[in-house]
Amino acid sequence: MKVVKKIVIIVILICMLVVGYFGIRGYIMYKEAIKITTLDSKIAEIKRNPNYTKLEEVPQIYVDAVISVEDHRFKNHNGIDFIAIARAAFNDIKQMSFVEGGSTITQQLAKNTYFTQEKKIERKFAEVFMALEIEKKCSKSEILELYINTSFFGDNCYTVKEASWHYFNKIPLNMTDYECVMLAGIPNAPSVYAPTKNLNLAKQRQKQVLNKMVEYNYLTEEESNNIVNSINDK
């Protein structure tokens with residue numbers, strides 16, 4: 001029993017050392033990034049994009065769909081969702097690979113605006129520090145607005161307006177429920193879920209988004225079924 005305890009203590013100490021090492025590297029990465037471009041400057045740069053879309057210029061169902069599928073505790077956390085991180089860490093260890101990220105919308109915004117998509121542990125820590133900074137500076141509405149204007153939707157579309165014009169030939173506010181749900185699902189894997197790549201997979205992803213919306217009480221089963229039926233009619 002004593003041997004087991006010693007092994008557990010050693011494992012815990014090793015984990016603490018690893019976390020500390022990558023945490024420090026991540027903090028340095030975060031400080032260097034924000035030193036080069038302050039958060040105020042970065043936000044101003046994003047908003048200067050002629051295709052920048054305000055939150056009130058998109059349908060509410062699109063907003064609900066994004067929150068449901070990307071970060072359903074978005075309104076309640078401070079930029080970091082420890083439950084999602086723990087779940088992702090467990091799944092990553094089980095698969096011995098980065099199969100799940102556990103990133104919040106705020107963390108994804110940090111990654112989209114300051115860091116690369118490269119899966120490195122220190123970058124994940126840098127993303128956490130930047131997310132905390134963003135949450136201090138911005139309201140939840142502003143974070144969500146910045147997120148939908150910095151996400152990659154495939155086919156060289158990096159804002160919701162570019163994507164709605166490209167895929168549906170209309171401004172975001174005029175998107176149907178069908179189109180809103182489809183668009184919300186694309187950023188998870190644009191090379192797979194963009195309707196121009198594989199329409200069947202795009203529709204499967206839509207159904208996943210709808211299931212999340214029902215699970216988190218943004219839609220009823222009946223409302224979800226109505227949208228599914230409209231999808232099937234397309």
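In this short talk I will walk through the helices of one chain, the way some of them pack, a few aromatic rings, and two residues in loops.

Please keep in mind throughout that what we are looking at is a predicted model. Let me begin with the overall layout, where the chain has 12 helices and 0 strands, so that, if you read along the sequence, the pattern is simply α-α-α-α-α-α-α-α-α-α-α-α. The chain has 234 residues, and 45% of them count as buried. If we take the contacts in the chain whose separation is 6 or more, then 64% of them come from residues that are 24 or more positions apart.

One helix that shows what being covered looks like is α9, which spans residues 177–185 and has 8 of its 9 residues buried. The buried residues in α9 are Y178, E179, C180, V181, M182, L183, A184 and G185, and you may like to find them in the structure above.

Now to the packing of helices. Two packed helices are described by the angle between their axes and the distance between the axes. How do α2 and α6 pack? Helix α2, residues 39–47, and helix α6, residues 121–137, meet at an angle of about 75°, and their axes are 11 Å apart. An angle of 65 to 115 degrees counts as roughly perpendicular, and α2 and α6 are therefore roughly perpendicular to each other. On the α2 side the contact is made by L39, D40 and I43, while on the α6 side it is made by E133, I134 and K137. When these contact residues of α2 and α6 are divided by character, we find 3 nonpolar, no polar and 3 charged.

The second pair is helix α3, residues 60–70, with helix α7, residues 140–148, and here the angle is about 90° and the axes are 12 Å apart. By the reasoning we have just used, α3 and α7 are therefore roughly perpendicular to each other. In this contact Y62, V63, V66, I67 and E70 of α3 meet L144, Y147 and I148 of α7. Which kinds of residue make up the contact of α3 with α7? They divide into 7 nonpolar, no polar and 1 charged.

Let me turn to the aromatic rings. A search of the whole structure finds 6 aromatic pairs. In one of these, the rings of Y27 and Y30 have their centres 5.7 Å apart and their planes at 50°, so the pair is tilted. Both residues belong to helix α1, residues 2–36, where they are 3 residues apart and thus separated by about one helical turn. In general, an α-helix has 3.6 residues a turn, so residues three or four places apart point the same way. Is Y30 buried or exposed? Y30 is buried, with a relative accessible area of 8%, whereas Y27 is partly exposed, with a relative accessible area of 39%. Together with F129, Y27 and Y30 form one aromatic cluster.

A residue that deserves some time is Y114, which lies in helix α5, residues 105–114. Y114 has a relative accessible area of 14% and is buried, because buried means under 20%. Leaving aside residues up to four places away in sequence, Y114 touches A33, I34, T37, T38, L39, K42 and M130. One of these, K42, lies over the face of Y114, at 5.1 Å from the ring centre. The C-alpha atoms of Y114 and E127 are separated by 8.4 Å, although the two residues are 13 residues apart along the chain. Elsewhere, a charge also sits over a ring at F74, where the charged end of K140 is 4.6 Å from the ring centre.

Finally, where are the two asparagines that I mentioned as loop residues? N156 is found in the loop between α7 and α8, and N217 has its place in the loop between α11 and α12. For N156, phi is near 65°, which is a positive value in a residue other than glycine, and for N217 phi is likewise near 65° and positive. As for the surface, N156 is exposed, with a relative accessible area of 61%, and N217, at 69% relative accessibility, counts as exposed.

Definitions and conventions: Residues numbered from 1 in each chain as written. Predicted model: local features only at pLDDT ≥ 70, side-chain atom pairs only at ≥ 80, totals over all residues. Heavy atoms only, no water. Buried < 20%, exposed > 50% of the residue type's maximum accessible area, 1.4 Å probe, protein only. Helix = DSSP H or I, 4+ residues; strand = E, 2+ residues; numbered from the N terminus. Phe/Tyr/Trp six-rings, centres within 6.5 Å; stacked < 30°, edge-to-face > 60°. Lys NZ or Arg CZ within 6 Å of the ring centre and 35° of its normal. Axes fitted to C-alpha atoms, helices over the stretch in contact; angles between N-to-C directions. Parallel < 35°, antiparallel > 145°, perpendicular 65-115°, else oblique. Contact = heavy atoms within 4.5 Å. Nonpolar A, V, L, I, M, F, W, Y, C, P; charged D, E, K, R; others polar.
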